[in-house]
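Thanks, everyone. I'll talk about helix packing first, then about cavities. Please have a look at the model.

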Amino acid sequence: MSPTALLPRPLVTSLVEEAVLAPSMHNAQPWRFVHREASGVLELHGDPTRGMPRQDPVHRALHIGCGAALFGLRVAAEHRTLRPAVRLLPAAEDPWHLADVRFDGPAEAAGDLGVLHPALARRHTSRFPFTEEPIPAELLDGLCAAARLEGCRLIVPGDWHTDTVMDLVHASALFEAADDAVRAEIAAWTRTGADDEGTGADGVPAYAFGPRQYDTTAPVRDFGAPGRMPSRPSARFEKTPQIALLGTAADTPESWLMAGQALHRVLLQATLDGLATSLMSQPLEWPELRFDARDPLSNVGYVHMVVRLGYGPGGRATPRRAVPDVLSYA
């Protein structure tokens with residue numbers, strides 16, 4: 001019998017409990033796990049019922065969120081001296097079967113992911129102002145190296161490219177404001193305490209919105225629709241936000257899963273480095289804007305996420321669905 005098949009249920013539960021700390025678009029948590037007890041394989045599945053047809057019609061963001069959860073699972077496993085072996089998209093007949101993970105058992109020499117484990121519970125999105133303090137080049141280089149380890153590229157744009165991305169952020173905000181379907185979809189995943197909202201185990205709670213911006217100088221999505229939270233404070237954000245663009249050469253489901261793993265690796269490393277982070281996909285949700293986000297001089301063909309980095313207050317933990325709601329046994 002393979003050591004993988006001997007994983008007790010409490011251990012599987014603890015692995016999944018840490019995997020689901022991953023970020024996902026609007027905290028939709030679009031993942032399901034199935035543990036095959038006979039073979040010991042832990043399957044990762046996407047949950048299309050938690051998709052966003054208007055903002056994410058091809059399910060790219062859904063795959064990125066699931067990829068982030070997969071990376072969190074790898075970190076949790078190596079912390080416990082297990083060696084996860086991952087196979088992406090293992091069932092051609094089932095596109096929602098995103099990955100199989102086998103565990104080789106206790107490792108004589110665990111991989112390097114275990115060092116990221118303390119950041120799993122500390123990493124939170126911060127939609128608060130950051131300072132103007134520059135990030136040391138060696139930290140940015142380390143984050144770029146982290147993305148490369150997952151087969152992706154993290155690009156730190158220069159001045160003109162940053163200006164271009166910020167223009168796209170502003171344009172996407174106008175697009176969003178004019179699209180009733182998009183605004184309704186966002187409202188379905190925000191939690192202000194209104195009676196007609198969804199459960200408190202998912203979505204973006206009001207305390208995670210952050211303050212309103214006096215001006216749109218930072219790439220932070222404003223989840224507080226006008227009139228919904230009139231008492232929400234305002235603040236000035238950094239004038240020159242430090243952003244990085246995560247991308248891949250291809251634009252396929254496999255690439256999206258790789259991007260999700262790279263994204264989580266970058267965020268966890270940034271957390272250990274003392275940086276606050278937030279994510280911005282808004283300009284990438286509009287096909288007419290997304291292509292312009294790339295640097296034509298780089299080999300990143302497709303941008304999947306805009307990451308805002310800096311020094312400032314960390315965010316608070318957002319709700320997570322209970323493990324029994326996302327893990328089953330077969």
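Let's start with helix 4, residues 137-149, and helix 7. Their axes cross at roughly 150° and come within 8 Å. This is a predicted model, so please keep that in mind throughout. Angles over 145 degrees count as roughly antiparallel. Helix 4 and helix 7 are therefore roughly antiparallel to each other. The crossing of helix 4 past helix 7 is right-handed.

Who touches whom here? Helix 4 brings Leu-143, Ala-146, Ala-147 and Leu-149. Helix 7 answers with Ala-262, Arg-265, Val-266, Gln-269 and Ala-270. By class, that contact has 7 nonpolar residues, 1 polar and 1 charged.

Stay on helix 7, which spans residues 253-272. Now add helix 2. The axes of helix 2 and helix 7 come within 7 Å, and they cross at roughly 55°. Helix 2 and helix 7 are therefore oblique to each other. This crossing, too, is right-handed.

Here is the contact list. From helix 2 we have Arg-60, His-63, Ile-64, Cys-66, Gly-67, Ala-68, Leu-70, Phe-71, Gly-72, Arg-74 and Val-75. From helix 7 we have Pro-253, Trp-256, Leu-257, Ala-259, Gly-260, Gln-261, Leu-263, His-264, Arg-265 and Leu-268. The split is 12 nonpolar, 6 polar and 3 charged. Look at Arg-265 for a moment. Arg-265 meets helix 2, and Arg-265 also meets helix 4.

Next, the other partner of helix 2. Helix 1 covers residues 9-19, and helix 2 covers residues 60-79. Their axes lie 7 Å apart, at an angle of about 130°. So helix 1 and helix 2 are oblique to each other. Their crossing is right-handed.

Which residues of helix 1 make this contact? They are Leu-15, Glu-18 and Ala-19. Opposite them, in helix 2, sit Ala-69, Gly-72, Leu-73, Ala-76 and Ala-77. In classes, that gives 6 nonpolar, 1 polar and 1 charged. Gly-72 deserves a second look. Gly-72 meets helix 1, and Gly-72 is also in the contact with helix 7.

Now the cavities. How many cavities of 30 Å³ or more does a search of the whole structure find? The search finds 2.

The largest has a volume of about 60 Å³. Its lining is Ser-24, Met-25, Ala-28, Pro-30, Arg-50, Gly-51, Met-52, Asp-56, Ala-61 and Leu-62. Of these residues, 6 are nonpolar, 2 polar and 2 charged. Note that Ala-61 and Leu-62 in that lining fall within residues 60-79, that is, in helix 2.

The second largest cavity has a volume of about 40 Å³. Ile-155, His-161, Leu-245, Ala-293, Arg-294, Asp-295, Ser-298, Val-300 and Val-303 line this one. Here the classes are 5 nonpolar, 2 polar and 2 charged.

To recap. Helix 2 packs against helix 1 and crosses helix 7. Helix 7 also crosses helix 4. The two cavities have volumes of about 60 Å³ and about 40 Å³. That's it from me. Over to you.

How values were computed. Residues are numbered from 1 along each chain as its sequence is written. This is a predicted model: local features need pLDDT of at least 70, side-chain atom pairs count only at pLDDT 80 or more; totals for chains, interfaces and linings use all residues. Side-chain values use heavy atoms; hydrogens and water are left out. Axes are lines fitted to C-alpha atoms, for helices over the stretch in contact, and angles run from 0 to 180 degrees between N-to-C directions. Helices (H or I, at least four residues) and strands (E, at least two) are DSSP runs, numbered from the N terminus. Angles under 35 degrees count as roughly parallel, over 145 as roughly antiparallel, 65 to 115 as roughly perpendicular and the rest as oblique. A crossing is left-handed if the near helix is turned anticlockwise from the far one by less than a right angle, and right-handed if clockwise. Contact means heavy atoms within 4.5 Å. Ala, Val, Leu, Ile, Met, Phe, Trp, Tyr, Cys and Pro count as nonpolar, Asp, Glu, Lys and Arg as charged, and the others, Gly among them, as polar. On a 1 Å grid over the protein atoms alone, a cavity is a set of points where a 1.4 Å probe fits but cannot get out, and a pocket is an open set with protein on both sides within 12 Å along at least five of seven lines; lining residues have an atom within 4 Å of a point. Grid points are joined across faces, edges and corners, and a volume is the space filled by probe spheres set on the points.
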